[in-house]
Amino acid sequence: SVLFITMLVCAMQLAASFTQPVQVARSASAFKAVPATFLAAKKKKSDFDLSSIESRDLTREEMLDINAQNEEVMNMELQAMTVFSLVISLPILYLCWVAFYSD
């Protein structure tokens, strides 16, 4: 009984993870006119002096170095997510084991 309910909940969660997202219909009133004061404030923001920002293209070595650092970070995040997932799954697996092997 408990095993059946657990498997049913898992199946429902798995099925829900593969469904298409629902699109909400929006009416024309959802897109209201922007006040003129807001547009004036946005224009004033662009008056900042950005000449102190230096931009240049990265060399191949710099890009490879950044890519290596990003790959290390992504691997650490993947390992952390995997461990977290396994830790969260332990109580569920224990309950399934108890339900299956209990008399």
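Select Leu90 first: in this predicted model, helix 3 bends by about 35° at that residue. A proline, Pro91, follows within four residues of the bend.

Next, select the whole of helix 3, residues 60–101. The helix holds 42 residues, and at 1.5 Å a residue these should span 62 Å. A distance between the end C-alpha atoms gives 59 Å, which agrees with that expectation.

Remain on helix 3 and select Leu95, which is placed in this helix. Add Tyr94, Trp97, Val98, Phe100 and Tyr101 to the selection; together with Leu95, these residues form a nonpolar patch on the surface. The accessible area of the patch comes to about 710 Å² in total. For reading such a selection, recall that an α-helix has 3.6 residues a turn, so residues three or four places apart point the same way.

Move now to helix 1, residues 2–17, and select Thr6 within it. Is Thr6 buried or exposed? Its relative accessible area is 17%, and because buried means under 20%, Thr6 counts as buried. Which residues does Thr6 touch, leaving aside those up to four places away in sequence? Display Ile92 and Cys96, for these are its contacts.

The following stop is the pair Arg56 and Glu62. Their side chains meet in a salt bridge, with an N to O distance of 2.9 Å. The count for the model comes to one salt bridge. Glu62 is partly exposed, with a relative accessible area of 27%.

Finally, display the entire chain. Its secondary structure comprises three helices and zero strands, and the elements run α-α-α from the N terminus on. Of the 103 residues in the chain, 2% are buried. With a surface representation switched on, the accessible surface of the chain comes to about 10300 Å². Carbon and sulfur atoms account for 66% of that surface.

Notes. Residues are numbered from 1 along each chain as its sequence is written. This is a predicted model: local features need pLDDT of at least 70, side-chain atom pairs count only at pLDDT 80 or more; totals for chains, interfaces and linings use all residues. Side-chain values use heavy atoms; hydrogens and water are left out. Helices (H or I, at least four residues) and strands (E, at least two) are DSSP runs, numbered from the N terminus. The expected span of a helix is 1.5 Å times one less than its number of residues. The bend at a residue is the angle between axes fitted to the seven residues ending there and the seven starting there. Buried means under 20% relative accessible area, exposed over 50%, partly exposed in between (1.4 Å probe, protein chains only). Contact means heavy atoms within 4.5 Å. Patches are made of residues with over 30% relative accessible area and no salt bridge: like charges are joined within 9 Å, nonpolar side chains (Val, Leu, Ile, Met, Phe, Trp, Tyr) within 5 Å. Accessible areas come from the Shrake-Rupley method with a 1.4 Å probe; for residues, only the protein chains shown count as cover. A salt bridge is a side-chain nitrogen of Lys or Arg within 4 Å of a carboxyl oxygen of Asp or Glu.
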